[in-house]
Amino acid sequence: MATPLNIVVIEDHDALREVTVAALSGKGHHVVGLESAEALPEQKDISHIDIMLIDLNLPGESGFSLTQRIRRIYPDIGIIIVSANTEAEHKRQGYDHGADIYLTKPASLDEIHAAIQALSRRLKPAPLNAQQIELHLQSLSLRKQGRSVPLNQHETALLQALLRAPDQRLETWQLLEVISDGQHDYSKASLEVLIVRLRKKIASLGTTQNPIRSIRNHGYQLCEPITVPN
């Protein structure tokens, strides 16, 4: 039996996405299917991702952009691009943007699963920059060079959502949804207090810039490089 993996499938074709998710789930994996890159920050239950399957022709943010962004934030993750484009130059761009494997459509479910298994066997943690801040999800903490700062669940969820977002930027209403637990309604003032507290915690690890920038009439943007080690 295959080693269970946490897999995210980002595919805008509903039927294809549902079939792929069902097939990989049937192999014993935990699989989440999303229709766009913009849906990724909304997944509060994804605390660890092993492999992502990304279609390049997505609505909104392109698969190339998403691949590059995920590779930067999650250096250890496995990324498989699945695209109908068979041109060599297009494949090269996929690998240049950070893909581990480029599969061309129509790819059979057996081929996709074989690629996932091959990738899971050879994934090795990438060396992290010792000067960079790390977000540790299990311990709810930020770490840098042996120093650690504790976070609460709301701070962790907010920071993780910003990391996943395009350009690390989210609107105020999106952040309010992230910290909402279904029982309490949080105001903009509550969000501002949370942002101020999180800024101080990030800054305490030695950043030289404003780590979370306020964007007038929009929301907030994370400006400090942070990685999420597996």
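This is a short walk through the structure, one selection at a time.

Before you click anything, know that the model is predicted, with local features needing pLDDT of at least 70, side-chain atom pairs counting only at pLDDT 80 or more, and totals for chains, interfaces and linings using all residues. Residues are numbered from 1 along each chain as its sequence is written, and side-chain values use heavy atoms, with hydrogens and water left out.

**Stop 1: the whole chain**

Start with everything shown as a cartoon. The protein chain has 7 helices and 12 strands; these are DSSP runs numbered from the N terminus, with helices being H or I of at least four residues and strands being E of at least two. Of its 230 residues, 48% are buried, meaning under 20% relative accessible area (exposed is over 50%, partly exposed is in between; 1.4 Å probe, protein chains only). Switch on the surface and you are looking at about 11,500 Å², with 49% of it coming from carbon and sulfur atoms. That area comes from the Shrake-Rupley method with a 1.4 Å probe, and for residues only the protein chains shown count as cover.

**Stop 2: a sheet of three strands**

Now select 169–171, 212–215 and 219–222. In what order do the 3 strands of this open sheet sit? The order is E9-E11-E10, with antiparallel pairing. Two strands pair if DSSP finds at least two bridges between them. E9 (169–171) and E10 (212–215) are the edge strands, each pairing on one side only. On average, neighbouring strands here are turned by 20° against each other, direction ignored.

Zoom in on the pairings:

- E10 and E11 (residues 219–222) share 4 bridges; along them, Ile215 stands opposite Gly219 and Ser214 opposite Tyr220.
- E9 and E11 are joined by 3 bridges, and there Leu170 has Tyr220 as its bridge partner.
- The hairpin of E10 and E11 has 3 residues between the strands, and Asn217 takes a positive phi near 60° in it.

**Stop 3: helices on the sheet**

Add residues 153–164. This is helix H5, which packs on the sheet by touching E9 and E11, its direction making about 75° with that of E11. Angles run from 0 to 180 degrees between N-to-C directions, and axes are lines fitted to C-alpha atoms, for helices over the stretch in contact. Next, bring in 188–203: helix H7 lies across E10 and E11 and runs at about 150° to E10.

Then pick 172–179, helix H6. Thr172, Leu175, Leu176, Val178 and Ile179 are buried there. Seen down the axis of H6, they fall within an arc of 155°, so they line one face of the helix; the arc is that of the directions from the helix axis to the C-beta atoms. The buried residues of H6 pack against H5, E9, H7 and E11.

**Stop 4: Thr156 and Leu135**

Click Thr156, in helix H5. Why does Thr156 count as buried? Its relative accessibility is 5%. Beyond its neighbours within four places in sequence, Thr156 is in contact (heavy atoms within 4.5 Å) with Leu135, Leu137, Leu140 and Leu151.

Hop over to Leu135. Not counting residues up to four places away in sequence, Leu135 touches residues including Leu142, Leu159, Ile226 and Val228.

**Stop 5: two cores**

Finally, colour Met52, Leu135, Leu158, Leu159 and Ile202, which touch the most other members of the 45-residue largest nonpolar core. Such a core is a set of buried Ala, Val, Leu, Ile, Met, Phe, Trp, Tyr and Cys residues joined through side-chain atoms within 4.5 Å. A second, separate core has 17 residues, Leu5, Val21, Ile80 and Ile112 among them.
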